[in-house]
Amino acid sequence: MKILIRLPNWLGDAIMATYALEILCTNFKEAHFYLVGSEASIAPFTHYPNVTALQDTSKRSKFRILNLYKLAKKIPTCKLGITFQNNFLSALFLTFNGAKFRIGFSKELRSFLLHLHPKKPKNTHEAMCFALLATQTLQHFKNQTEIITIPKKLYLKPKPINITLPNAFLDSKIAGINAGAAFGAAKRWREDYFAKCIEYLLQRNYNILLFGVENENPINASILAHLPQHLQHSNSLLNLSGKTTIPSLIAYFSHLDFLLTNDSGPMHIAAALGIPTLALFGPTNAKETAPFNAPKARIISLETLGEKLPCMPCMQRTCPLPKDSKDYHKCMCALTPNLVIKAIQSLIS
């Protein structure tokens, strides 16, 4: 059996889809999966058995629909096609492939392209939304008594990669700092605030790994600049910004004892790996994107502290309030280092 899955484009969404993917893999053990997505979203799965991962570059193409058609025709006609995206083109892509049974949420007037098109639940975690598509697919293909259920969590199979940590990091506690967020600046906590937390963790004898993609180099440079001068070149700090691939990022994460992060793709990787995590939330909806069923993860926001703002969650890439307003980006700025350090103390103790 051949199964075509259009993954979400964002890394975090792709990781949240792993519960649904595991449901399908468990129940279709002999199937071959064709996973299609962005470079970031397919990266965690390229080494999986019975998987062919294909990058969709059509967005950069002058003739996007033609590019999608050609990609779809490179894939053998599949018995089942599922889109975890909500846009029209992803359903059209499944149609171009000729997938015999196509399923996706009823979005963007695309239901006529799909054989099964449930409504997407509101205020429901994204992992459970993706899982809904998987379970409804199974109900079509299998008897209820044949369906194998699995624990509700994120599933990630790290690629075996050799990474080298400095000698100072060996046999010591390691904390990761992920100060970026691909969706937009609104999700990012302040660099000087991260610096205060790093000082605290260094005092608690943690070594620090700074993570980020290449275009987030200025963020980590700013964090380092906000540290006291004697700490800026400490052997206990390693800046990996722009120096990791997604597989090597996952390999480094496997060494972490703690992660401080914005709401981001790496946050979901940490949830899948069971890393003690404190996630900083402001403009996004924690009901939909908090670490999924991760007992060692906590979120902190003005809402969890009982001080929710009327504008939360705005779900905007940048704060929509005027920059000269006293409330500009308040959902993150009012989340001060002292509040976060108290939460870190509670989590790591």
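A salt bridge here is a side-chain nitrogen of Lys or Arg within 4 Å of a carboxyl oxygen of Asp or Glu. Please keep in mind that this is a predicted model, in which local features need pLDDT of at least 70 and side-chain atom pairs count only at pLDDT 80 or more, while totals for chains, interfaces and linings use all residues. Residues are numbered from 1 along each chain as its sequence is written, and side-chain values use heavy atoms, leaving out hydrogens and water.

**View 1. Lys-326, Asp-327 and Lys-330 share a network of salt bridges.**
This close-up starts with a group of charged side chains. Lys-326 and Lys-330 belong to the network together with Asp-327. For the wider setting, a search over the whole structure turns up eight salt bridges. Several others are shown in the views that follow.

**View 2. Arg-6 and Asp-56 meet through their side chains.**
The salt bridge of this pair has an N to O distance of 2.8 Å. Arg-6 sits in strand E1 (residues 2-6) and Asp-56 in the loop between strand E3 (51-55) and H4, so the contact ties together parts that are 50 residues apart in sequence. Helices (H or I, at least four residues) and strands (E, at least two) are DSSP runs, numbered from the N terminus. Both partners are worth a look for their surroundings. Arg-6 has a relative accessible area of 3% and is therefore buried; the cut-offs are under 20% for buried, over 50% for exposed and in between for partly exposed (1.4 Å probe, protein chains only). Asp-56 is buried too, with a relative accessible area of 12%.

**View 3. Phe-84 and the residues around its side of the fold.**
Which residues does Phe-84 touch, once residues up to four places away in sequence are set aside? The list holds Ile-5, Arg-6, Leu-7, Pro-8, Ala-17, Ala-20, Leu-21, Phe-130 and Leu-133. A contact means heavy atoms within 4.5 Å. Arg-6, listed here, is also the salt-bridge partner of Asp-56 in View 2.

**View 4. The largest nonpolar core holds 61 residues.**
Ile-5, Phe-33, Phe-84, Leu-209 and Phe-253 touch the most other members of this core. The helix H6 gives the most to the core, with seven residues. A second, separate core has 37 residues, among them Ala-179, Tyr-200, Leu-210 and Met-332. A nonpolar core is a set of buried Ala, Val, Leu, Ile, Met, Phe, Trp, Tyr and Cys residues joined through side-chain atoms within 4.5 Å.

**View 5. Lys-120, Asn-123 and Glu-126.**
Two features appear in this close-up. The side chains of Lys-120 and Glu-126 form a salt bridge, 3.0 Å from N to O. Lys-120 counts as partly exposed at 21% relative accessibility, whereas Glu-126 is buried, with a relative accessible area of 12%. Asn-123 lies in the loop between strand E5 (101-103) and helix H6 (126-141). Its phi is near 50°, a positive value in a residue other than glycine.

**View 6. Arg-190 pairs with Asp-192.**
The closest N and O atoms of this salt bridge are 2.7 Å apart. Arg-190 is partly exposed, at 33% relative accessibility. Asp-192 is partly exposed as well, and its relative accessible area is 23%.

**View 7. A cis peptide bond leads into Pro-313.**
The bond from Met-312 to Pro-313 is cis, with omega near -10°. Pro-313 lies in the loop between strand E11 (297-300) and helix H12 (330-333), and Met-315 is found in the loop between E11 and H12 too. The backbone of Met-315 also deserves a glance: phi is near 65°, a positive value in a residue other than glycine. Met-315 is partly exposed, with a relative accessible area of 41%.

**View 8. The whole chain, with 13 helices and 11 strands.**
Here is the context for the close-ups. Along the principal axes, the C-alpha atoms fill a box of roughly 65 × 45 × 45 Å. Of the 349 residues, 51% count as buried. Among contacts between residues at least 6 apart in sequence, 65% join residues at least 24 apart.
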